[in-house]
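User: I work at the bench and would like to learn how to read a protein model. Could you take me through this one, feature by feature?

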Amino acid sequence: MLGELEANGTTVLCDLEAGIGTVLRLLPGQVDLILVVADPSAKAIEVAARSVRIAASRADVLVIANKVRDETDVETIRAAVGNDDVFAVPEDPAIEQADREGVAPIDLDASAPAVRALVSLAERLASGSRRS
């Protein structure tokens with residue numbers, strides 16, 4: 001099914017389970033870009049670093065530093081994953097509030113810092129740019 005979508009020039013974005021299992025099953029050339037998401041916790045950073053090492057042989061990789069409080073969090077993730085191209089999404093109470101209310105964060109507060117970051121990420125991906 002994904003092959004049919006690709007033939008029509010459709011972009012498919014999948015949110016897959018955390019961990020390295022899905023990345024291990026990918027063959028080189030099956031996807032164009034792998035987004036690896038990591039928050040600044042030790043366990044998430046460790047899994048992200050392993051995922052990036054595996055994913056780099058299969059596709060372009062963009063690391064998303066999620067729920068970061070400051071540049072130190074971003075630098076910690078960047079150092080661990082060994083990838084200079086890290087996109088930061090700040091920790092933002094609006095995201096948690098939207099989740100509690102069952103609404104999209106952009107509908108709750110389009111000007112929230114994390115929402116602005118995610119819109120910027122979407123624009124970047126839609127433009128086909130792999131770099132900041």
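**Reading the fold, step by step**

Analyst: Let's start with a single residue: Ala-55 is buried, with a relative accessible area of 0%. Please keep in mind that this is a predicted model.

User: Where is Ala-55 found, and what does Ala-55 touch?

Analyst: Ala-55 sits in helix H3. Leaving out residues up to four places away in sequence, Ala-55 touches Val-23, Ile-34 and Val-61. There is also a distance to look at: Ala-55 and Pro-28 are 27 residues apart in sequence, yet 8.8 Å apart in space, C-alpha to C-alpha.

User: Thanks! Now the whole chain: how many helices and strands are there?

Analyst: The protein chain has seven helices and three strands. Reading from the N terminus, the elements run α-α-β-α-β-α-β-α-α-α. Of its 132 residues, 32% count as buried. Among contacts with a separation of 6 or more, 56% come from residues 24 or more positions apart.

User: How do I read the sheet? What is the order of its strands?

Analyst: The general idea comes first: strands of a sheet pair through backbone hydrogen bonds, either parallel or antiparallel. In this model, three strands form an open sheet in the order E1-E2-E3, with parallel pairing. E1 and E3 are the edge strands, each pairing on one side only. On average, neighbouring strands of this sheet are turned by 25 degrees against each other, direction ignored.

User: How many bridges does each pair have?

Analyst: E1 and E2 pair over six bridges, and E2 and E3 over five. For a spot to click on, Val-37 stands opposite Ile-64 in E2. For the other pair, try Val-68, whose bridge partner in E3 is Pro-90.

User: Which strands do helices H3 and H4 lie across?

Analyst: H3 lies across E1 and E2, running at about 165 degrees to E1. H4 lies across E1, E2 and E3, and runs at about 150 degrees to E2. Follow the chain here and you will trace a right-handed β-α-β unit made by E2, H4 and E3.

User: And the nonpolar core? Which residues have the most contacts inside it?

Analyst: Again, the general idea: in soluble globular proteins, nonpolar side chains tend to be buried together. Here the largest nonpolar core has 20 residues, and Val-63, Ile-77 and Val-81 have the most contacts inside it. Strand E1 (33-38), helix H3 (42-55), strand E2 (60-68) and helix H4 (71-81) each supply at least two residues of this core. H3 gives the most, with five residues. Apart from this core lies another, of seven residues, among them Leu-62, Ala-114, Ala-117 and Leu-121.

User: Let me zoom in on Val-81. What is Val-81 in contact with?

Analyst: Leaving aside neighbours within four places in sequence, Val-81 is in contact with Ala-48, Ala-49, Val-52, Val-63 and Val-86.

User: One last residue: is Asp-85 buried or exposed?

Analyst: The cut-off for buried is under 20% relative accessible area. Asp-85 has a relative accessible area of 5%, so Asp-85 is buried. You will find Asp-85 in the loop between H4 and strand E3 (86-90).

User: Which side chain does the side chain of Asp-85 join in a polar contact?

Analyst: That of Arg-124: the two side chains are joined by a polar contact of 2.8 Å. Try displaying both residues to see it for yourself.

Notes: Residues are numbered from 1 along each chain as its sequence is written. This is a predicted model: local features need pLDDT of at least 70, side-chain atom pairs count only at pLDDT 80 or more; totals for chains, interfaces and linings use all residues. Side-chain values use heavy atoms; hydrogens and water are left out. A nonpolar core is a set of buried Ala, Val, Leu, Ile, Met, Phe, Trp, Tyr and Cys residues joined through side-chain atoms within 4.5 Å. Buried means under 20% relative accessible area, exposed over 50%, partly exposed in between (1.4 Å probe, protein chains only). Helices (H or I, at least four residues) and strands (E, at least two) are DSSP runs, numbered from the N terminus. Contact means heavy atoms within 4.5 Å. A polar contact is a pair of N or O atoms within 3.5 Å; within protein, one must be able to donate a hydrogen and the other to accept it, and residues adjacent in sequence count only if both atoms are side-chain atoms. Two strands pair if DSSP finds at least two bridges between them. Axes are lines fitted to C-alpha atoms, for helices over the stretch in contact, and angles run from 0 to 180 degrees between N-to-C directions. A crossover is right-handed if, with the strands pointing away from the viewer, the path from the first strand over the helix to the second runs clockwise.
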